[in-house]
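Reader: Please take me through the helix and strand assignments, and say what each term rests on.

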Amino acid sequence: MSRRAIRDLWRAGVVLVLVMLALPGVVHAGDQISDEQARTLLEGLDASGFEAKGEAVERIASSQATQRERWLQALLEGRLARERRGEHFYIITDDAGREWPIIDAITLEDAGTGSRRTINTITINNTLRTRIEGALAAMSLTAGDVSARLAAARALLGTLDEASAPGVEDTLADEEDPAVREQLETALALYRVQQGDVAALETLRGHLDTRVRNALVPLAEGDGELAGEARRVLAGIERKREWHQRVQTLFFGLSAGSILVLAAIGLAITFGVMGVINMAHGELIMLGAYSAWWLQQLLPGQPGLALLLAIPFGFLVAAAFGIAIERSVIRFLKGRPLETLLATFGVSLILQQLVRTVFSPLNRAVAAPEWLRGSWQVTEALSISYSRLAVLIFCLVVFAALWAVMRFTRLGLEVRAVTQNRDMARAMGVRAARVDMLTFGLGAGVAGLAGVALSQITNVGPNLGQNYIVDSFLVVVFGGVGNLWGTLVAGMTLGVLNQVLQPWVGAVLAKIVVLVGVILFIQKRPQGLFPPRGRVS
Amino acid sequence: MSQVRTVSSGTGSVRRSMGHLSDRTTTFTCAVLMMAAVLVVGLNLLPSDHALHVGDATVSLLGKYCCYMLLALAVDLIWGYLGILSLGHGAFFALGGYAMGLYLNAQGANVDGWQAWLGHFPLAMLAVVLAPGLLALVFGWLAFRSRVTGVYFSIITQAMTFALMLAFNRNEMGVGGSTGLTRFRELLGMPLNSHAMTVALFVASLMAVLLAFVVCRMITTSRLGRVCIATRDAEARTRFLGYRVEHVKLAVFVVSAVMAGIAGALYVPQVGIINPGSFAPLFSIEVVVWVALGGRATLFGALIGALVVNWLKTVLTTEMPDAWLFILGGLFVVVTMALPQGIAGLAASLRRNRGGSAHE
């Protein structure tokens, strides 16, 4: 059969299908083809040559058989078989082992088992494979809901040839969904450009799909109007991709930075506001993460609910431990920062070993709930994962809440009073010891919240806190002690800086560069980015 | 009279320090160290079935403790007498260790480039001193010049050792990546695992401790030492009196770093491995607790602390590994809260009490 004939067949098929779509009632009535007709269609597949098989595939694709998608799919996977010395066709549902469970290809009813001795699978070659795939794509292009059509249209890009392009043109004429239309137009434009049509390049301008770019690269070589135009379009695409990449890097940086901010913001209160060096801060983060894990064990099958409950629970657990540390150790070391540092470091070792003994030294994975999985594909070159987005939002919410507490509540007022002048605050009737305890509990609780967020990013283990303690202190010192805004800006800056450096020097070296950079920065401005104004007693 | 004083003021500090060297604690500590050396070597020479025989393994372990004692001295010198809490002294220790490790690695193996240079013993020894010394010089110069003090200094030293740990973990550094350097064969042409080498390394480590103790003692009792203590107790006042506080700090910090580097260099041939784990912030902070337990600002206290904690660690990590971190953590808390002067301070107060009651 000539190509022309195939094209005609294609057209006929597409038109038929469109008619069926337009007349659902009729489609339903004409849905059923007789078993005899189905058998005839399948017998075409059992022809000796691959060319003949290809024609049979086209016939099936343009037929009204309800099972046609099943057949072609099975054929593609090598699971369509014919009975040896018999009339029946089967689809193998599981081809592991020697005896395969099979179903009848026409009635789709269970047909027992088959083996190499009783049935013959129908073989295909690569040319045929491409043809079957094309036919399957074309089928879903015209049938199914919008998302199926969109997926099929997307798959078409770069695969069009002389045979299939007219069919797509017809489909485009009848397509109404704008997104599907756009995909179809792009696919057609790419096909036309490849045929030498300069005007069609206009449609491809600024298109971000890698397949468009890859197809344009060979065209841009050499001279001529087409090559020159293609080069310009390609340059435009590259520029646009770069911008999207930058936005992506910025987002990664912000989400990495928000983790830093979450880890450091508790410290900004205990270290920054109270002046207490709490080396066990990392372990309070770890406890928050473990409480998220533990709640998930209590509520199996409901990771979403467990995670939401873990937010208050993690806060309370970490705050309780924090208050216990404050009451038992830190209170007695007031005004001796180096001793406080050592003692709280001891506490951190004890907490680590406690978790190792009670739970296990192994890392635990906390499952992500359904609504945090996957990512939001903004454009072809820009995707944002929901979990990172959630951490970013969570960080900002926690920051805002904390800032509001310090700014508007009675506790915040008392904390600021005690920080500025402890004796005067006490003279005014502020119970400084109680304020110390609550402030420390607040900072510790926020560390717990950071742990809950971290459990969605990394595995939970006894060493979780240690990985963040050095970074957290640097963020607080970098931002300027006693300044919540400074911590936010510093954390975000370090996160973005790290991500920007990574493609050039690699992840580890980027971290080293940032560390050294902050060390040097502190030499230059020991008070951090936002030094406290005036005299701090 | 006044003329004499003016003339002798230059040598006065030296004489005074020499005079202090002969005080009771120093003599006692030096004597104990010498006796330990003689005793261990002597007991090691006994036949191996003798009840008092000290095996090579124990000698090697004691040699390791000596390196820790040297490191503790280095930390005590700057923390005890200058009030600088360095949480990154493990970095200097590890740098010295890596210099030695690279020398050992170059023996009988094919290495190229700068690593081949370290195959020469004098150059390697120079590197042992220079690598930590230069790092301390640059880092200290930057930090002290801009008056980074107290906990800020502690935090950035911790960041420094953390950054170095990440850097040495990279395979591109060419120093073994995360596995580090190991499988050393010989030192100065002698096989490392021989009996004579074990004893020699032990004696060398002990002598290094003795020497470092004397040097520290000389520093702390000299005029420089007095300025150090003045800086520790009232930095601004010392500065206003006309002392260049940052120079004093820098000088002592570099000396301390070099001591730590030498400790690392002696440590590596005795344990047979050096890896980036030595840069871990935990190790550096552990050293501080040795000093805190022994008694800050008493040099013999640092020695006792290093010995006691490491002996405990050896025993406990084999007997009940789970308990070790509880004990170490507990030590941090108890020492800082109940024993601010450490074992040395406890001993001193006990002696004072006894003396006081005897007078009554």
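Author: The exchange below covers one helix and two sets of paired strands. This is a predicted model, in which local features need pLDDT of at least 70, side-chain atom pairs count only at pLDDT 80 or more, and totals for chains, interfaces and linings use all residues. Residues are numbered from 1 along each chain as its sequence is written, chains are lettered from A and ligands numbered from 1 in the order in which they are written, and side-chain values use heavy atoms, with hydrogens and water left out.

Reader: What makes the buried residues of H17(A) line one face of the helix?

Author: Gly412(A), Glu414(A), Val415(A) and Val418(A) are buried in H17(A), residues 410-420. Buried means under 20% relative accessible area, exposed over 50%, partly exposed in between (1.4 Å probe, protein chains only). Down the axis of H17(A), these residues fall within an arc of 165°, so they line one face; the arc is that of the directions from the helix axis to the C-beta atoms. Arg410(A) and Gln420(A), both exposed, sit on the face turned away from the buried side.

Reader: Why are S6(A) and S7(A) called paired?

Author: Two strands pair if DSSP finds at least two bridges between them. Four bridges join S6(A), residues 375-379, to S7(A), and the two run antiparallel, so the criterion is met. Ser375(A) has Ser385(A) in S7(A) as its bridge partner.

Reader: Why do S4(A) and S5(A) count as edges?

Author: The open sheet has the order S4-S3-S2-S1-S5 in chain A, with antiparallel pairing. S4(A) and S5(A) each have a single partner strand, so one side of each is left without a neighbour in the sheet.
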